[in-house]
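Student: I would like a close look at one single part of this structure, taken slowly. Please pick one helix and tell me what surrounds it.

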Amino acid sequence: MANSSTVSIRICQEGHANALALNKDCTQIAVAGRSLLKVFSIESDCFTEVCNMRGGKNQNLSYSSNDVAWSYLEPNILATAATNGVVSVWDLSKFGRQKQLLVYNEHERTAHSVTFHPTEANFLISGSQDGTIKCFDTRIDKGAIITYFSNSESVRDVKFSPHSPNTFAAVSENGTVQIWDIRRAEKCTTQFTAHSGPIYTCDWHPTQQWLATGSRDKQIKVWNMGSKALLEHTIHTIAVVGRVKWRPDKTYHIASCALVVDYSIYIWDVRRPFIPYASFNEHTNVTTGIGWKGDPYSLLSTSKDSTIYKHCFRDAQRPSQLANPQGASINFRGDVLYAYKAKVPPPIAASTSKTSLLSSRSKPPTKTDNFHLAKSNLQNYVTKNDPDNLEKELPHLSPMREYLCFKGCAEDYQLMGKSLSELCEHNVNVAKKYGKVHVAMLWMWVKNLYANSLNNNMKSEPRTSTSGSNLLGSRLMSQASNQSTIVWEEIGGSRDDDESSKLKPDDQNILEQTSGDFPGNVQPRIAYPPVNGAENDGSFNDFIFGDQELTIEHMDCVKNLRNGFLYVGPHLCKEWSLPNSPLIGSDLHAAKHETPPESSQETTPPPHPPNLIKMTSMPYVPFWEPHDVIADCLMLQADIGDVQTSVSILIALGEKRNDLPIDKSVHENWLQSYIELLHRYQMWNEAAEIMNLSWIPSICMINEQSTAVYTNCGLCGKHLTNRAGWFCSKCRTADASKCSVCHTIVRGLYAWCQVCSHGGHLEHLQDWFAANSYCPICGHVCEYE
């Protein structure tokens, strides 16, 4: 241990290893993959390649391995399980192609696992995707000597027990664990459901009667396999568990690696199941195999990054040292729980009268060895309230009131089945009922802005757009659909007050601002177009509203314009444009400093100057689009913790929610948070309704995960497929559908024991187990709550 250090080596450029195996002396390591089968010698600071069994042109599928095992008794014998179902036995003492000693082509589908018998050198077993376990005798090359039918979809791992050499465990994709006696192939000795998802790995404890299983449900469970399978410990990981391996000489330590996503290797203390004892983070891809090098301080691993690592335990990371040692939580009643780390004195060894020289020199346990001794104190602060005057005494934002409001809104909100106007009106009343005035106002806004037909077809624009600069030139006014001509007329003198009173305030401001540009008493006025319309006069120039520039050729006129005209005369030519127009005045400003020819200059105004500004259409004044405002309101509600309102409004909007500039990932996050809150308060029906109303596939599929129910025949234990219902194809009978108490066919709710597979009417079983603790058919001690 003192001289060991973490070393690595790249094993292959074309592929990666799927598994590893150590020889009996832990001096060599075999790695196997789809395009890899090599043996390395383990040195103190490096790995040395000893044998490459895929050299040359041997590239058939029999060499593509999922698992590799080394014989416990023969130092030169290996076995591999291939992707095409072939189980091969290798002899390292031979040369060339003769190294592949035996080839068993017994499995119909992929072989997932292979292992040798711990005391019989000639026996090995393999588990396959075809649901069978086969036992081979290396002295016979014809095929399997025994076939075990697991009655499951796939057997993912098999392991012999170190305490009973003729006993092995098999784990399946249906979440069950089977314990077999190698001498009895007709039926397993023990079978139980261990996980809610497929089990990918298992490992026996070297000194205890414990079996560890790892599953897709991200849990590692430790089962006591004494007289009955009892759950001892449960470890919660962050990813699907791919491999587990007990740490030598450490009773409570187990190593694990993930099947996907997570690249690290974790060492767990089963007594502290929520935080790893240590971790190794050297790999840059998913770890595919782990194994201890005969001692608890050296761990070997392979990965999809095509490397082998020998990890030194002193180099491991300690996640517990980075964890927060204290925490607090508050419930809906206002009660507060506060947990903080407690100081634990180191254990004092009992003194004895006889003290040897070695014991006197033994070092005290280090801090890391006392990982499991960490303890915490818990303080509970309870709010004191009068139950009769609870609502009066609680403040407006108390946890109890928040809980009651959340629950009431979740139950009373209507999110579908009516028009948007009716839904919003109903939800406004619900929000007011529970004191959510601001939420009621938001529902009213949604009703006013989206429930009418005017805003139904509005499309959202990006929040960063500058489309407001060209609105005048890109849109037409809806009121001018008849293309009537609108005339602005400049008339000298006075007009009636009733006509001038028709001016809008904005128009009056515009005219006041521009009145200084007109000489004398000529004041600009607005005259509305006549009923018959007006005709365009070709003697005037055009005026354009849009993104194009204004082109000026002479100072005495404005030419080459479209969609109307503007004439101001040579004596009124200034740098002037209509307010809010997108015209660019740079050309006009440049032209002002040019000196026109003398012949074209006039010092006096013409006798009858034209004084009309004529346009064929008025610029469109855009409607206000509320999408950005509503999106900001929903984001604000989510930020302050009211994700219920944000999700409810999105569901009620229906397809109109796509107009809001909110990313779909934000939608998914809100839905997941709301569903999690509903589950926390055990509002299962409301959570299921939100899943059904969701428009995101990942949310709709939450109810479809881990919903398979596996049943077995109560007579033979064979797995019953869904196609046949309760009919057993092996027993050729449907007696499994009968009640164990009244012996009649169960029509309706059926309850059964997952171990002995006997069941019946729920009411009958309740009455039976009220007075008995064993199965009425086989006498099995069933666990009934």
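Tutor: What follows is a walk around helix α11 and its contacts. Keep in mind that this is a predicted model.

Helix α11 covers residues 643-653. Begin with burial, where a residue counts as buried if its relative accessible area is under 20%. By that cut-off, 11 of the 11 residues of α11 are buried, so the helix is largely enclosed by the rest of the structure. The list starts with V643, Q644, T645, S646 and V647, and goes on through S648, I649, L650, I651, A652 and L653. Several helices take part in covering these residues: α3 (399-412), α4 (420-433) and α5 (437-450) are among them, as are α10, α12 and α13 (684-693).

Two of these helices deserve a closer look. Take α10 to begin with, which spans residues 627-639. The axes of α10 and α11 lie 7 Å apart, and the two helices pack at an angle of about 145°. On the α10 side, the residues in contact are L634, Q637 and A638. They meet V643, T645, S646, I649 and L650 of α11. Sorted by class, this contact has five nonpolar residues and three polar ones, with no charged residue.

Now turn to α12, residues 664-680. Its axis and that of α11 come within 9 Å, crossing at roughly 120°. An angle over 115 but not over 145 degrees falls outside the perpendicular and antiparallel ranges, and α11 and α12 are therefore oblique to each other. The crossing of α11 past α12 is left-handed. From α11, the contact uses V643, Q644, S646, V647 and L650. From α12, it uses H667, W670, L671, S673, Y674 and L677. Here the residues divide into seven nonpolar and four polar, and again none is charged.

Compare the two lists of α11 residues. V643, S646 and L650 appear in the contact with α10, and V643, S646 and L650 also appear in the contact with α12. T645 and I649 are listed for the contact with α10, while Q644 and V647 are listed for the contact with α12. The spacing of such positions can be read with one general rule in mind. An α-helix has 3.6 residues a turn, so residues three or four places apart point the same way.

Finally, look at where the helix ends. After α11 comes G654, and the phi angle of G654 is positive, near 65°.

Conventions. Residues numbered from 1 in each chain as written. Predicted model: local features only at pLDDT ≥ 70, side-chain atom pairs only at ≥ 80, totals over all residues. Heavy atoms only, no water. Axes fitted to C-alpha atoms, helices over the stretch in contact; angles between N-to-C directions. Helix = DSSP H or I, 4+ residues; strand = E, 2+ residues; numbered from the N terminus. Contact = heavy atoms within 4.5 Å. Nonpolar A, V, L, I, M, F, W, Y, C, P; charged D, E, K, R; others polar. Parallel < 35°, antiparallel > 145°, perpendicular 65-115°, else oblique. Left-handed = near helix turned anticlockwise from the far one by under 90°. Buried < 20%, exposed > 50% of the residue type's maximum accessible area, 1.4 Å probe, protein only.
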